[in-house]
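Thank you all for making the time this morning. I would like to walk through one structure with you, going region by region, and I will keep to what can be read from the coordinates and from the database record.

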Amino acid sequence: MNEGGSSAVERALQYTAGQKLHGFTVKEVTAVPDLFLTAVKLSHDATGAQYLHAARDDSNNLFSVQFRTTPMDSTGVPHILEHTVLCGSQRFPCRDPFFKMLNRSLSTFMNAFTASDYTMYPFSTQNAKDFQNLLSVYLDAVFFPCLRELDFWQEGWRLEHETPTDPSSRLVFKGVVFNEMKGVFSDNERLYAQHLQNKLLPDHTYAVVSGGEPLAIPDLTWEQLKHFHATHYHPSNARFFTYGDLPLEQHLQQIEEEALSKFERTEPNTAVPPQTHWDKPRVDHVTCRPDALAPDPIKQNTLCMSYLLGDITDTFEAFILSLLSSLMISGPNSPFYKALIEPEIGSDFSSSVGFDGSTRQASFTIGLQGMAEDDTETVKHIIAQTIDDIIATGFEEEQIEALLHKIEIQMKHHFYIFENVSRFRQCLKENPRYLQDKIQHYFKDNAHRLTLTMSPDERFLEKQAEAEEQKLQQKIQNLSDADHKDIYEKGLQLLAAQSTTQDASCLPALKVSDIEPIIPYTPVQPGTAGGVPVQYCEQPTNGMVYFRAMCNLNSLPEDLKIYVPLFCSVITKLGCGELDYRQQAQRIELKTGGMSVSPQIIPDTADLDLYEQGIILSSSCLERNLPDMFQLWSDIFNSPRFDDEQRLRVLVMMSAQELSNGISYSGHMYAMTRAARTLTPTADLQEAFSGMDQVRFMKRIAEMTDLTSVLRKLPRIKRHLLNPENMRCAVNATPQKMSEAAGEVERFIGNIAANRKERKPVRPTVVEVRPLDPQAGSSASRKLISEPHFKPCQMKTYFQLPFNVNFVSECVRAVPFTHTDYASLCILARMMTAKFLHGEIREKGGAYGGGARMGGGGLFSFYSYRDPNSTQTLSAFRGGVEWARAGKFTQQDIDEAKLSVFSAVDAPVAPSDKGLGRFLNGITDEMKQRYRERLFAVTDKNLIDVAGRYLGVGQQTCGVAILGPENESIRKDPSWVVK
């Protein structure tokens, strides 16, 4: 594994406290067998920088540097700084080294985050040379950034002519962070969470918006930005973290030489003082935009009570509080679920509900979204009453056991340390009222409680726009003629800078020859159980067993198809066999790592009009619970319960609310799904299952007063879907447990045999049987549907929604995975994104993101995310195609796109998911290797050729979709369908 045969864990145990290494002193060395690692804590002698290294035999090595950033206003200074330090540094002065390194490295992760009180810069990679390259770029970026004024304008905010080249066009606010935060604040859940924190912790940095309040951002000056960097981005205010199997000394030496040796110690004084405890509870109210897709238009209010808890540095107390939080709100057996969700007062818990350990003092929040204003007092009363009830009766032992079982499974995935659990069991033994006493202390007797309500305001977006206009006028009024001229000239300067081709040669880069030519082979064993094909894959799963089953829905009548996602989301939650839904939920928690069912549409790898449609069941368990897990599945197949209309209503409301909330967050996914709908049969079904069609369908269901008719459809669907005749299974487990797992699968298939029926497919002429793995001679085959009558057609759809930003997409029908041009289109998408679309859509256009991707379903998709522009972005997509057709790229651009594609293709796969691609899509290791060789072979000629043949105007069928605010010019254009 590494030199000398000793493991990284053992090597790290040889360090001793007091040892000096490259300007650092070792403080402590701790073996953590639960997590299979050795922790080494160090501190830097000259600056006091803290360092933690986790040595583990994992080749995916990670680095992160964090600074405590505690702003005292809402100008978004830490967030704008995070963007701006990534725009060039002393050793790497080119623009945007961060985005450029995405294509010059095989990183498995690269990002930067701004939280309320820290900013962090992490990356990971499996390649040692790459680690050094990225470390150099990251260190230089955070400690020695250029922070040019033009970068501040591009990333933060600026005044600029709407059309920069036209001085008579009006002045507007622009900037990446400015637009990003407008997008964030159009998301009601984010808006609420932000206010909740600001108002619960009002004394210090938690009272401000660290990401930036859109109307406060234009108060930030370039000077203030540079000052904040000088004081906060200093080694004395920094923490370093590294993880993996690379040698610690190399990291320390590089960090000392390239950065820390150039600094002296300072006293940063950035600590967050504890919040003063209130002597009486507080109440507050905020407004938000109305939700056009709310399940019930008159129920759009949110109400939560939030309690300030203890300091998170007391890790055991924080563990107990997060455990308590789960017991109080998790699943249908929890007291707050019974008291708040089941009476259908609201659609679901607010997304802020639960334990929050992200601030210095933790908090716990309980409350509802999707409720009526009239129920405000009722909800307050229920919350108080429920706390009293818990103090009186406590929790059932089985509930506590189910939760500790969940933690045991999370420990298998290396999230928890065992000693907390044993210490908790000890506390319970000594004092059976241990948890009730905590609740009395933190909830009943706690005066630091905030009740925050939120209601929609029809004029919310108008008021926001008016306030922005007012801010804009205020800025413009103070401008002299010279300032006006300056703004115009700087706008042109910025445009020129954004339009020049960047010389990135100062940045380190891996070469295509650094990429492994051959993929590691994943062995799987085909088998059968009671006539059902099973794929066994032996993996180091650390005592877990992972089970999956794919069932096709070919015999399902057409009118029931739109109900499949609903069926999937409720089938494991309505009760089964002897168990009602509460007992079932408890049992699932107690015996498994979760059981879920989801719709699955799998495009054929060789033909765009062939696909497999079905559902996939998945679950996992500790090895000792195998029989129990399969018993739960058997009961769901043999005797699911479809008799509780009220339970179904609760699940439908939650599901509809979740879909509606997700649109402002994943608008680009909805736009891409919609744009693709008329291009292939797969995409058409995808829109029905997971696009705007499904959102609107669930809204309709949620509005029904009686769900009996829906309830009656579920057993009909179940007969077609949960049918062993149409099923194949996959098991991932350790070699020691595989035969036992195989025995359990065999028994399970025997138990559900009564559900086996030969049912005629709905479209009898169109079923094709394709063996999963022609070489292996296994009996597993996939029944593919072909649609001989499907005619791809053009369509442009506009969804008018109450947002202040757009999500734009265009999709083009291209080729399937095994086609020779597929690899070229993948490289083209990545290159066009990095070298053209990013500059046009984000840098010039001010959107938060945008680009192109080639999908396995054979579609080439363009998209933009949280975009101030709409049709202008469609022109940028076209511009990208023309740019590629004209061959305006270099060999280096192609090589970088290849590195970028390979880092995605070679991303680490967890043992639980190995062999899944073959099981679901029939993509064998041989096919992957062929695809790999095609990627390596792509040339400039191929790229120019596919850009013209597939993406050129009129070459292939394309679809367009935009989600966004009211748009006058599109409404008047007859070529658009407006929804």
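What follows is a short tour of some helices, two annotated spans and a handful of single residues. Please keep in mind throughout that this is a predicted model.

Let me begin with the annotation. The UniProt record, in an unreviewed entry, places a domain named "Peptidase M16C associated" at residues 454–701. In the model, that span is 47% helix and 19% strand, and its end C-alpha atoms lie 25 Å apart. The record, again through an unreviewed entry, also lists a coiled-coil region at residues 458–485. Over residues 458–485 the model has 82% helix and 0% strand, with 39 Å between the end C-alpha atoms.

I turn now to helix α25, which runs over residues 708–721. How well does the length of α25 agree with what its 14 residues should span? At 1.5 Å a residue one expects 20 Å, and the end C-alpha atoms of α25 are 21 Å apart, so the two values agree. The buried residues of α25 are V710, L711, K713, L714, I717, K718, H720 and L721. Because these residues cover an arc of only 160° around the axis, they sit on the same side of α25. As a reminder of the background, an α-helix has 3.6 residues a turn, so residues three or four places apart point the same way. The elements that cover the buried residues of α25 include the strands β20 (544–552) and β22 (610–622), together with the helices α18 (564–570), α20 (626–638), α21 (645–662) and α24 (692–703).

One of those buried residues, K718, brings us to N755, a residue in the loop between α26 (738–751) and β24 (767–771). Setting aside neighbours within four places in sequence, N755 is in contact with K718, and also with F637, N638, L722, N723 and P724. N755 has a relative accessibility of 12%, and therefore counts as buried, the cut-off being under 20%. Between N755 and R719, which are 36 residues apart in sequence, the C-alpha to C-alpha distance is 7.4 Å.

The next helix is α32, at residues 940–951, where the same reasoning about length can be applied. Its twelve residues should span 16 Å at 1.5 Å a residue, and the end C-alpha atoms are indeed 16 Å apart, so expectation and model agree. In α32 the buried residues are L943, V946, A947, G948, Y950 and L951, and these pack against β27 (806–813), α27, β29 (859–867), α28 (871–885) and α29 (891–905).

Helix α27, at residues 822–844, also holds C826. Is C826 buried or exposed? With a relative accessibility of 9%, C826 counts as buried. Beyond its neighbours within four places in sequence, C826 has contacts with M854, V901, Y931 and L935. By contrast with such contacts, the C-alpha atoms of C826 and L171, which are 655 residues apart along the chain, are separated by 39 Å.

For a pair of packed helices, I would point to α10 (residues 315–329) and α14 (residues 418–430), whose axes are 11 Å apart and meet at an angle of about 75°. The two helices are therefore roughly perpendicular to each other. On the α10 side, F316, F319, I320 and L323 take part, and they meet N420, V421, R423, F424 and C427 of α14.

Within strand β16 (residues 361–371) we find M371, which is buried at a relative accessible area of 1%. M371 and N301, although 70 residues apart in sequence, are 5.0 Å apart from C-alpha to C-alpha. Leaving out neighbours within four places, the contacts of M371 include I298, K299, Q300, N301, T302 and L303, as well as I345, G346, T376 and V379.

Finally, two asparagines deserve a look for their backbone. N269, in the loop between α9 (248–258) and β12 (282–288), has a phi near 55°, a positive value in a residue other than glycine. At 74% relative accessibility, N269 counts as exposed. N542, in the loop between β19 (532–538) and β20, likewise has a positive phi, near 60°, but N542 counts as partly exposed, at 27% relative accessibility.

Conventions
Residues numbered from 1 in each chain as written. Predicted model: local features only at pLDDT ≥ 70, side-chain atom pairs only at ≥ 80, totals over all residues. Heavy atoms only, no water. Helix = DSSP H or I, 4+ residues; strand = E, 2+ residues; numbered from the N terminus. Expected span 1.5 Å × (residues − 1). Buried < 20%, exposed > 50% of the residue type's maximum accessible area, 1.4 Å probe, protein only. Arc of directions from axis to C-beta. Contact = heavy atoms within 4.5 Å. UniProt positions renumbered as here; feature names shortened; annotations may be inferred. Axes fitted to C-alpha atoms, helices over the stretch in contact; angles between N-to-C directions. Parallel < 35°, antiparallel > 145°, perpendicular 65-115°, else oblique.
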